[in-house]
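This report asks how a ligand is held by its protein and how selected residues elsewhere in the chain are placed. The sequence and the structure come first, and the reading follows.

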Amino acid sequence: MSLSAPYDPNNIFARIIRGELPAIKVFEDDEALAFMDIFPQSEGHTLVIPKKIRATNFLDADPAALAILIARVQRVAKGVAKALNPDGIRVAQFNGAPAGQTVFHLHFHIIPIFDGAEVKRHAGEKADMAVLEALAEKIRAAI
Ligand code: AMP
(Lines give C-alpha, C1' and ligand atoms only; values in the text may rest on other atoms or scores of the structure.)
Protein backbone atom coordinates (compact mmCIF):
# COMPACT_ATOMS: atom_id res chain seq x y z
CA MET A 1 0.00 0.00 0.00
CA SER A 2 1.63 3.20 -1.17
CA LEU A 3 1.68 6.58 0.56
CA SER A 4 -1.02 7.86 -1.77
CA ALA A 5 -3.40 4.90 -1.41
CA PRO A 6 -7.05 5.92 -0.99
CA TYR A 7 -8.71 5.42 2.41
CA ASP A 8 -10.50 2.07 2.73
CA PRO A 9 -13.52 2.43 5.09
CA ASN A 10 -13.40 -1.31 5.77
CA ASN A 11 -9.91 -1.35 7.28
CA ILE A 12 -9.60 -3.13 10.66
CA PHE A 13 -9.45 0.05 12.73
CA ALA A 14 -12.50 1.60 11.02
CA ARG A 15 -14.35 -1.63 11.83
CA ILE A 16 -13.21 -1.42 15.48
CA ILE A 17 -14.55 2.18 15.65
CA ARG A 18 -17.91 0.98 14.27
CA GLY A 19 -18.00 -1.84 16.83
CA GLU A 20 -17.83 -4.54 14.16
CA LEU A 21 -14.60 -5.97 15.59
CA PRO A 22 -13.58 -6.25 19.27
CA ALA A 23 -10.89 -4.21 20.98
CA ILE A 24 -9.58 -3.91 24.54
CA LYS A 25 -10.27 -0.20 24.95
CA VAL A 26 -8.50 2.08 27.41
CA PHE A 27 -9.85 5.49 26.36
CA GLU A 28 -12.59 6.83 24.11
CA ASP A 29 -14.19 10.19 23.43
CA ASP A 30 -15.78 11.78 20.34
CA GLU A 31 -12.40 12.34 18.71
CA ALA A 32 -10.25 9.31 19.46
CA LEU A 33 -10.15 5.72 20.60
CA ALA A 34 -7.22 4.03 22.34
CA PHE A 35 -6.89 0.27 22.72
CA MET A 36 -4.32 -2.43 23.39
CA ASP A 37 -2.22 -3.62 20.45
CA ILE A 38 -2.89 -7.37 20.26
CA PHE A 39 0.57 -8.04 18.78
CA PRO A 40 2.43 -5.88 21.32
CA GLN A 41 6.08 -4.90 21.01
CA SER A 42 6.25 -4.38 24.77
CA GLU A 43 4.04 -4.71 27.83
CA GLY A 44 1.42 -1.97 27.58
CA HIS A 45 1.75 -1.25 23.83
CA THR A 46 -1.28 0.91 23.09
CA LEU A 47 -2.70 2.38 19.88
CA VAL A 48 -4.47 5.73 19.51
CA ILE A 49 -6.67 6.25 16.46
CA PRO A 50 -8.84 9.16 15.31
CA LYS A 51 -12.58 8.50 15.03
CA LYS A 52 -13.47 11.38 12.69
CA ILE A 53 -10.35 11.62 10.51
CA ARG A 54 -10.63 9.30 7.51
CA ALA A 55 -6.92 9.36 6.69
CA THR A 56 -4.77 6.48 5.52
CA ASN A 57 -1.71 8.03 7.11
CA PHE A 58 -0.19 11.11 8.76
CA LEU A 59 0.38 12.95 5.47
CA ASP A 60 -3.31 12.74 4.51
CA ALA A 61 -4.69 14.29 7.68
CA ASP A 62 -5.88 17.85 8.16
CA PRO A 63 -3.42 19.68 10.50
CA ALA A 64 -6.19 21.12 12.71
CA ALA A 65 -7.64 17.63 13.20
CA LEU A 66 -4.16 16.30 13.96
CA ALA A 67 -3.77 18.87 16.72
CA ILE A 68 -6.90 17.49 18.38
CA LEU A 69 -5.66 13.93 17.97
CA ILE A 70 -2.14 14.53 19.28
CA ALA A 71 -3.58 15.89 22.54
CA ARG A 72 -5.29 12.48 22.99
CA VAL A 73 -2.04 10.70 22.14
CA GLN A 74 -0.30 12.66 24.90
CA ARG A 75 -3.13 11.98 27.36
CA VAL A 76 -2.96 8.23 26.71
CA ALA A 77 0.87 8.22 26.83
CA LYS A 78 0.73 9.94 30.23
CA GLY A 79 -1.79 7.34 31.40
CA VAL A 80 0.47 4.51 30.24
CA ALA A 81 3.41 6.15 32.05
CA LYS A 82 1.41 6.56 35.26
CA ALA A 83 -0.05 3.03 35.13
CA LEU A 84 3.06 1.06 34.23
CA ASN A 85 5.99 3.27 35.28
CA PRO A 86 8.18 2.45 32.25
CA ASP A 87 11.75 3.76 31.88
CA GLY A 88 10.85 5.35 28.55
CA ILE A 89 8.04 5.60 26.02
CA ARG A 90 8.22 5.48 22.24
CA VAL A 91 5.50 7.32 20.35
CA ALA A 92 5.72 5.96 16.82
CA GLN A 93 3.86 6.20 13.59
CA PHE A 94 4.45 4.50 10.18
CA ASN A 95 3.33 5.73 6.79
CA GLY A 96 3.09 3.38 3.81
CA ALA A 97 3.80 -0.36 3.70
CA PRO A 98 7.52 0.11 2.88
CA ALA A 99 7.80 2.10 6.14
CA GLY A 100 6.17 -0.73 8.12
CA GLN A 101 2.53 0.35 8.10
CA THR A 102 0.17 -2.64 8.14
CA VAL A 103 -3.19 -1.01 8.97
CA PHE A 104 -4.18 1.87 6.74
CA HIS A 105 -6.09 4.09 9.15
CA LEU A 106 -3.95 6.81 10.76
CA HIS A 107 -2.72 5.74 14.20
CA PHE A 108 -0.06 6.35 16.81
CA HIS A 109 1.78 3.63 18.73
CA ILE A 110 2.56 4.18 22.41
CA ILE A 111 5.27 1.68 23.29
CA PRO A 112 6.49 1.64 26.90
CA ILE A 113 10.18 0.78 27.22
CA PHE A 114 11.47 -1.07 30.27
CA ASP A 115 15.22 -1.25 30.98
CA GLY A 116 16.47 -4.74 30.17
CA ALA A 117 13.22 -5.91 28.54
CA GLU A 118 13.16 -6.93 24.90
CA VAL A 119 11.24 -4.75 22.44
CA LYS A 120 9.59 -7.35 20.21
CA ARG A 121 9.25 -7.16 16.46
CA HIS A 122 6.51 -5.04 14.95
CA ALA A 123 3.10 -6.75 14.50
CA GLY A 124 4.64 -10.07 15.61
CA GLU A 125 3.34 -12.45 18.30
CA LYS A 126 -0.27 -12.37 19.50
CA ALA A 127 -0.63 -11.56 23.20
CA ASP A 128 -2.61 -13.42 25.84
CA MET A 129 -5.92 -11.52 26.01
CA ALA A 130 -6.19 -11.94 29.80
CA VAL A 131 -2.77 -10.30 30.22
CA LEU A 132 -3.81 -7.45 27.91
CA GLU A 133 -7.07 -6.98 29.82
CA ALA A 134 -5.16 -6.69 33.13
CA LEU A 135 -2.79 -4.09 31.63
CA ALA A 136 -5.73 -2.21 30.10
CA GLU A 137 -7.47 -2.03 33.46
CA LYS A 138 -4.43 -0.30 34.98
CA ILE A 139 -4.07 2.09 32.02
CA ARG A 140 -7.81 2.93 32.01
CA ALA A 141 -7.65 3.79 35.69
CA ALA A 142 -4.66 6.10 35.11
CA ILE A 143 -6.11 8.10 32.17
P1 AMP B 1 1.10 -0.38 11.76
O2 AMP B 1 1.83 -1.62 11.34
O3 AMP B 1 1.94 0.78 12.13
O4 AMP B 1 0.06 -0.06 10.70
O5 AMP B 1 0.34 -0.73 13.10
C6 AMP B 1 -0.76 -1.56 13.17
C7 AMP B 1 -0.73 -2.17 14.52
O8 AMP B 1 -1.99 -2.74 14.74
C9 AMP B 1 0.30 -3.29 14.68
O10 AMP B 1 1.15 -2.96 15.77
C11 AMP B 1 -0.55 -4.53 14.96
O12 AMP B 1 0.06 -5.34 15.92
C13 AMP B 1 -1.84 -3.93 15.46
N14 AMP B 1 -3.05 -4.69 15.21
C15 AMP B 1 -3.42 -5.34 14.10
N16 AMP B 1 -4.67 -5.85 14.22
C17 AMP B 1 -5.11 -5.48 15.45
C18 AMP B 1 -6.32 -5.68 16.18
N19 AMP B 1 -7.35 -6.35 15.66
N20 AMP B 1 -6.42 -5.16 17.42
C21 AMP B 1 -5.37 -4.47 17.97
N22 AMP B 1 -4.21 -4.25 17.33
C23 AMP B 1 -4.07 -4.73 16.09
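A polar contact is understood here as a pair of N or O atoms within 3.5 Å, where, within protein, one atom must be able to donate a hydrogen and the other to accept it. The model to which this cut-off is applied is a predicted one.

**A buried glutamine in a loop**

Under that definition, a polar atom in the side chain of Q101 lies 2.9 Å from the backbone oxygen of T56, and a polar atom of the Q101 side chain is likewise found 2.9 Å from the backbone oxygen of V103. Q101 belongs to the loop that runs between β4 (88–92) and β5 (108–113). Is Q101 buried or exposed? Because its relative accessibility is 4%, and buried means under 20%, Q101 counts as buried.

**The ligand and its shell**

The ligand sits in the largest pocket, and the elements that contribute two or more residues to the shell around the ligand are α1 (12–17) and β2 (32–36). In total, 17 residues surround the ligand, the closest being D37, T102, H107, H109 and H122. By class, the residues of this shell divide into 10 nonpolar, six polar and one charged.

Which side chains place a polar atom within 3.5 Å of a ligand oxygen? The table lists such pairs, each between a side chain and an oxygen atom of the ligand.

| Side chain | Partner | Distance |
|---|---|---|
| T102, polar atom | ligand, oxygen atom | 2.6 Å |
| H107, N or O atom | ligand, oxygen atom | 2.8 Å |
| H109, polar atom | ligand, oxygen atom | 2.8 Å |

As for the cover that the ligand receives, the accessible area of the ligand on its own is 500 Å², and the protein covers 92% of this area.

**Positive phi outside glycine**

Two residues are described here for their backbone angle. N85, in the loop between α2 (63–84) and β4, has a phi near 50°, which is a positive value in a residue other than glycine. With a relative accessible area of 63%, N85 is over the 50% cut-off and is therefore exposed. A123, which lies in the loop between β5 and α3, also has a positive phi, of about 50°, although A123 is not a glycine. What is the exposure of A123? A123 has a relative accessible area of 38%, a value between the cut-offs of 20% and 50%, so A123 is partly exposed.

**Burial and spacing along the chain**

The remaining residues are considered by their burial and by the C-alpha separation from a partner elsewhere in the sequence. G44 is located in the loop between β2 and β3 (46–50), and because its relative accessibility is 2%, which is under 20%, G44 counts as buried. The C-alpha atom of G44 is separated by 9.3 Å from that of P86, these two residues being 42 residues apart along the chain.

V48, in strand β3, has a relative accessible area of 0% and is therefore buried. How far is the C-alpha atom of V48 from that of D128? The separation is 20 Å, for two residues that are 80 residues apart along the chain.

I113 has its place in strand β5. Its relative accessible area of 19% is under the 20% cut-off, so I113 is classed as buried. Between I113 and N57, which are 56 residues apart in sequence, the distance from C-alpha to C-alpha is 24 Å.

A130, by contrast, is found in helix α3 (residues 129–142), where its relative accessibility of 56% is over 50%, so that A130 counts as exposed. The C-alpha atoms of A130 and R90, residues 40 apart along the chain, are separated by 24 Å.

Terms used:
Residues are numbered from 1 along each chain as its sequence is written. This is a predicted model: local features need pLDDT of at least 70, side-chain atom pairs count only at pLDDT 80 or more; totals for chains, interfaces and linings use all residues. Side-chain values use heavy atoms; hydrogens and water are left out. A residue is near a molecule or strand if one of its heavy atoms lies within 4 Å of it. Accessible areas come from the Shrake-Rupley method with a 1.4 Å probe; for residues, only the protein chains shown count as cover. On a 1 Å grid over the protein atoms alone, a cavity is a set of points where a 1.4 Å probe fits but cannot get out, and a pocket is an open set with protein on both sides within 12 Å along at least five of seven lines; lining residues have an atom within 4 Å of a point. A molecule sits in a cavity or pocket if more than half of its atoms lie within 2 Å of its grid points. Helices (H or I, at least four residues) and strands (E, at least two) are DSSP runs, numbered from the N terminus. Ala, Val, Leu, Ile, Met, Phe, Trp, Tyr, Cys and Pro count as nonpolar, Asp, Glu, Lys and Arg as charged, and the others, Gly among them, as polar. Buried means under 20% relative accessible area, exposed over 50%, partly exposed in between (1.4 Å probe, protein chains only).
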